[in-house]
Amino acid sequence: MLLQTAVSAASQAHPLSGTIAEWVWLLPILPLAGFVINGLLSLAGAHFGPTDPTAAEHEHHSEGAADASAISHAGHGADGDDQHAVKRHRWAGVVSVVGPGVLILSFLLALGIWQAMASAQPAAPFIQRYFSWMPVGDLHIDAAFQLDQLSMLMILVITGVGALIHVFSVGYMRDDPGYPRYFSYLNLFVFFMLVLVLGANYPVLFVGWEGVGLCSYLLIGFWFNDKANADAGKKAFIVNRIGDFGLLVAMFMLFANIGVLDFIGVSAKALDLGAGSALVTTICLFMFLGCTGKSAQIPLYIWLPDAMAGPTPVSALIHAATMVTAGVYLIARSSFLFSLSPVASLTVAVVGAVTAIFAATIGLKQWDIKKVLAYSTISQLGYMFVGVGVGAYVSGMFHLVTHAFFKALLFLGSGSVIHAMHAAYHRTHSNEDAQDMRNMGGLRRYLPVTCVLMWIATLAISGIPPLSGFMSKDEILGSVFARAQGSTLASATWLGIPGSTLLYIIYAIGLAAAFLTAVYMTRMMLYTFHGPARTGTEEEEALHEAPWIMTGPLVVLGILTVFGGWLNLPEVITGIIPLGPRELLAHWLDPVVGDATTRIAAGAAQVPASTEQALIGAAVVIAVAGIVFAMTRLKPDRLPRKRDAVPEHGFEGVVAHKYYVDEGIERTIVEPTYAVSRSFLWRVIDNGLIDGFFVNGSAALARGLGWVGSRLQTGNVGIYAWVLVVGVLVMLGAFTLR
Amino acid sequence: MLAESLALTAALFVIGVIGVLIHRNAIIIFMCVELMLTAVNLTFVAFSRFYGTAGQVFVVFVMTVSAAEAAVGLAIIIAIFRHRQTIDLKDINLLKG
Amino acid sequence: MEPHYSLIYVFHFYLFGVIALASALTFVTRKSPVTAALWLVNTMFSLAALYVMLDAQFVGVMQVLVYAGAIMVVFLFVVMLLNLGHPSELADARGTGWKLAAGLIGLGLLSEIMVIARTKLPQQLIVPRDFNEQQFQKLNAVGMIAEPLFKDYLLAFELTSVLLLVAITGAVVLGRGRAAGAR
């Protein structure tokens with residue numbers, strides 16, 4: 001293969017060279033091929049018409065109607081029309097094989113590479129250079145992939161969880177007229193996500209970074225006929241651009257100061273920037289701005305709740321499991337930079353902690369089941385940032401992985417619920433909101449599998465042992481506590497606050513957020529699955545469990561949710577109960593983040609095992625307290641349906657309105673922008689300056705010059721001779737004066 | 001004698017230019033152009049004493065071209081005169097834009 | 001680098017130079033085309049003499065034959081053909097202001113040429129001092145022009161013949177006039 005022959009000589013000596021790892025390029029190429037095939041099928045189906053005559057009429061009639069049905073399918077209130085009778089896309093069968101198929105192949109290949117890597121135990125990353133991408137002066141950027149333990153972990157999550165979600169989508173999107181388009185976008189997303197985690201330098205990572213942003217935009221606005229969906233897509237895109245600006249500036253500064261952009265080169269030269277210097281702090285903060293955009297942290301989190309406008313499997317894959325964790329990955333990948341700057345690291349941790357509690361409070365008062373999960377995702381991402389912020393890169397990545405499991409499970413479970421709700425409302429031609437929990441209730445009778453699996457995920461996210469969420473979240477909190485004494489972070493100051501104090505505050509916030517997490521997740525489960533059914537009696541007959549192709553992935557994710565914690569069993573637990581080998585993930589990631597972790601944690605006092613056990617006990621008690629609090633306080637029996645709901649007042653109202661952040665941004669940024677655009681940019685700049693001066697002005701200038709020129713053409717040859725001679729005189733004069 | 005030849009050349013050439021500028025009679029202007037060409041020929045000849053006979057060969061070419069130019073130019077003047085009964089440049093303004 | 005010239009040579013050189021200059025000045029100030037043409041012929045003759053003095057005998061002869069003989073005769077033919085020289089045609093030259101401006105421009109041009117003429121000559125192209133002398137001995141006056149013309153500049157020579165052909169054709173077509181062309 002052409003690509004293989006281009007392997008650089010430098011990687012020949014690597015223990016992975018010659019193994020299946022050489023095929024790493026195939027990992028992203030497979031989803032890309034899926035994107036091309038599905039995309040072509042999408043175009044083919046759209047233009048040549050499906051075999052079904054009514055569907056043909058439907059397609060030709062108006063695409064709007066097609067997407068309206070799609071929207072109703074997703075549960076944005078069944079419109080009561082009969083559009084749902086749309087037949088499947090003519091190529092849906094092929095797409096159902098290709099779309100998830102490429103992901104499963106990718107996952108199998110990833111497993112093979114993982115096997116090779118596990119046996120080779122490489123200490124250095126395996127770099128595959130394919131071609132020189134940007135050889136400009138001193139800047140040499142290769143299109144190169146880097147395979148190391150960190151990217152391997154991400155690849156397994158992306159392809160593994162991705163494959164499950166693709167399979168789920170086969171059932172969930174079954175009747176959507178845009179079925180091939182959906183899968184082509186989803187495949188493209190996986191391609192870019194793999195490029196992101198495989199890139200051997202920041203620019204290649206940035207290509208993936210932008211690519212996933214694009215796919216996110218395309219999939220949020222998948223049902224673009226509803227303006228709200230299209231707006232949500234645009235909002236995500238624009239907000240992400242602010243973050244991307246930060247990442248770009250960080251890359252520029254890196255190049256300007258150390259002249260390289262590949263991870264190995266930067267890590268080798270990172271110390272030249274000066275440990276704790278203002279420069280490295282600035283670079284890290286700009287990079288973190290990129291992370292806040294992509295990973296929905298304060299202040300750029302606002303796009304993620306709106307992103308729930310996309311299909312639910314998209315929310316699971318992109319806006320919970322993979323893309324939004326890219327920021328965490330970036331910081332773990334750049335640990336050699338962040339570990340040099342205690343201030344930047346503390347900023348990451350503080351922003352993460354504040355985001356965690358802030359989003360958790362909003363999650364308490366949301367009624368849309370997906371919005372609850374969206375704020376929960378923001379909150380959990382905050383935890384991850386706390387982890388990587390305090391230099392516990394392994395813990396942050398660990399939580400990333402377990403979160404991918406349980407949050408994907410929660411989203412797919414909610415997808416299953418919405419699927420059932422929508423089918424029921426469609427049956428009765430009701431216009432009720434199929435995503436509002438006030439319209440649900442008692443669904444455990446109709447969706448027993450979903451209910452059990454979602455309870456598992458809820459307990460996991462709340463932090464109930466021995467589920468995966470407990471292990472990872474507890475590790476993060478434990479790391480924060482451990483680093484509050486003696487680490488480089490503890491001795492630094494952040495905005496005048498001693499790092500040690502700050503870390504204890506972050507720890508407290510983390511515990512509080514854990515409590516809130518338990519409360520809002522339990523609330524969601526109670527209102528959705530318990531208490532009396534609020535759907536209405538007619539609809540109840542139509543409520544049924546999703547088909548096996550949807551429940552299958554749920555079950556797999558459920559198993560992963562339960563046992564994901566075994567990836568990195570903390571010593572303090574294996575010391576009490578011998579569940580299995582301890583800290584597998586820490587050993588696995590040690591070649592990548594080990595140095596950086598040591599640099600930050602250096603000198604941190606060893607927390608005694610008894611203290612650690614006490615901390616874990618406290619965390620568990622808090623989680624249980626949250627669940628019990630929600631169980632006792634909330635009364636699903638008395639909850640009014642959505643149409644009977646009364647607006648909330650006081651602080652609850654503020655929270656229900658998400659602290660009016662969107663409204664505030666609307667007032668302070670969007671509306672002034674509009675006003676300036678209308679009154680000044682449009683009337684003065686566009687109409688006056690551009691149209692009036694530049695466009696019409698240049699036309700008038702040309703006309704005037706033409707008039708002058710035509711006046712010069714007197715037709716008198718004598719004058720021409722004079723002009724010629726004067727010209728010669730001037731030109732000779734120029735020679736003379738030279 | 002190079003310096004004197006070049007000075008004479010320059011003087012003759014400039015006289016030709018002045019003639020072109022002050023006359024309105026097309027034929028006289030033509031003759032002035034011929035004078036300018038001849039002046040250049042003198043340069044070629046003067047330099048050919050130092051740079052070999054190639055300069056004189058060029059004089060032959062210049063003469064040929066000026067002969068051709070005179071033939072065509074005069075034919076044009078005749079054609080114009082046939083149309084407008086004048087060869088005064090101030091009356092010839094077909095090129096007016 | 002220039003050889004020493006005898007006084008009689010220098011005298012004659014200046015003599016013909018002054019004649020050429022004076023004739024040219026008289027030529028350019030005449031209003032009648034016929035008078036002007038005759039003064040121009042005078043300039044051409046003195047220039048021919050200068051060519052001979054500058055060791056360009058063949059060119060000198062050609063100057064007399066082609067310029068003074070052929071071209072100027074054609075001019076006179078045209079003048080007579082168009083019946084110019086009529087008193088009404090004598091109001092030829094432009095006004096005083098134009099003349100003054102033309103004189104200034106001429107002065108400017110002259111000074112510029114003089115400045116540029118002071119440029120150092122490219123030494124590496126200079127042939128040995130007796131080169132032309134030897135060529136003359138070897139090939140005589142015509143041969144020393146003919147040899148490079150038909151060897152080194154053969155293509156240019158052939159192209160000149162094409163140019164002459166085109167010029168003749170053009171002159172004939174133009175001279176025949178519209179009525180003839182329409183026939």
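A disulfide here is a pair of cysteine sulfur atoms within 2.5 Å. By that rule, the structure, which is a predicted model, holds zero disulfides over all its chains. Two of its cysteines can still be placed in terms of how much of them is open to the outside. With a relative accessible area of 0%, C32(B) falls under the 20% cut-off and so is buried. C451(A) comes out at 6%, so this cysteine counts as buried too.

Chain C is a good place to start a tour. Its make-up is simple to describe: six helices and zero strands. Read from the N terminus, the order of elements is just α-α-α-α-α-α. Chain C has 183 residues, and 34% of them count as buried. As for how the chain folds back on itself, take the contacts between residues at least 6 apart in sequence: 53% of these join residues at least 24 apart.

Next comes the meeting of chain C and chain B. Here 83 residues of chain C touch 67 residues of chain B. Together the two chains bury about 6700 Å², with 77% of that on carbon and sulfur atoms. One salt bridge turns up across this interface. The partners are R49(B) and D55(C), whose side chains come together at 3.5 Å, N to O. Helices 1 (7-29), 2 (33-53), 3 (57-81), 4 (96-117), 5 (131-150) and 6 (154-182) of chain C each give two or more residues to the side that touches chain B. Helix 3 of chain C supplies the largest share, with 13 residues. Sorted by class, that side of chain C has 63 nonpolar residues, 11 polar ones and nine charged ones. Polar contacts between chain C and chain B add up to eight residue pairs, counting pairs with both residues at pLDDT 80 or more.

Chain B also meets chain A. This contact draws on 11 residues from chain A and 11 residues from chain B. About 860 Å² is buried between the two, and 66% of it lies on carbon and sulfur atoms. On the chain A side, the residues that lose the most area to chain B are G715(A), W722(A) and V725(A), which together account for 38% of what that side buries. Helix 30 of chain A, spanning residues 717-737, gives the most to this side, with six residues. As for pairings across the interface, zero salt bridges are found between chain A and chain B. The count of residue pairs in polar contact, with both residues at pLDDT 80 or more, is one. The side of chain A that touches chain B has five nonpolar and six polar residues, and no charged ones.

Finally, one arginine of chain A is worth a look. R333(A) sits in helix 14 of chain A, which covers residues 326-333. Is this arginine, R333(A), buried or exposed? Its relative accessible area is 3%, and since buried means under 20%, R333(A) is buried. What surrounds R333(A), once neighbours within four places in sequence are set aside? The residues in contact with R333(A) are then Q146(A), D148(A), L150(A), S151(A), V197(A), F263(A) and V592(A).

Definitions and conventions:
Residues are numbered from 1 along each chain as its sequence is written. Chains are lettered from A and ligands numbered from 1 in the order in which they are written. This is a predicted model: local features need pLDDT of at least 70, side-chain atom pairs count only at pLDDT 80 or more; totals for chains, interfaces and linings use all residues. Side-chain values use heavy atoms; hydrogens and water are left out. Buried means under 20% relative accessible area, exposed over 50%, partly exposed in between (1.4 Å probe, protein chains only). Contact means heavy atoms within 4.5 Å. Buried area is the accessible area (1.4 Å probe) that two parts lose on being put together, summed over both. A salt bridge is a side-chain nitrogen of Lys or Arg within 4 Å of a carboxyl oxygen of Asp or Glu. A polar contact is a pair of N or O atoms within 3.5 Å; within protein, one must be able to donate a hydrogen and the other to accept it, and residues adjacent in sequence count only if both atoms are side-chain atoms. Helices (H or I, at least four residues) and strands (E, at least two) are DSSP runs, numbered from the N terminus. Ala, Val, Leu, Ile, Met, Phe, Trp, Tyr, Cys and Pro count as nonpolar, Asp, Glu, Lys and Arg as charged, and the others, Gly among them, as polar.
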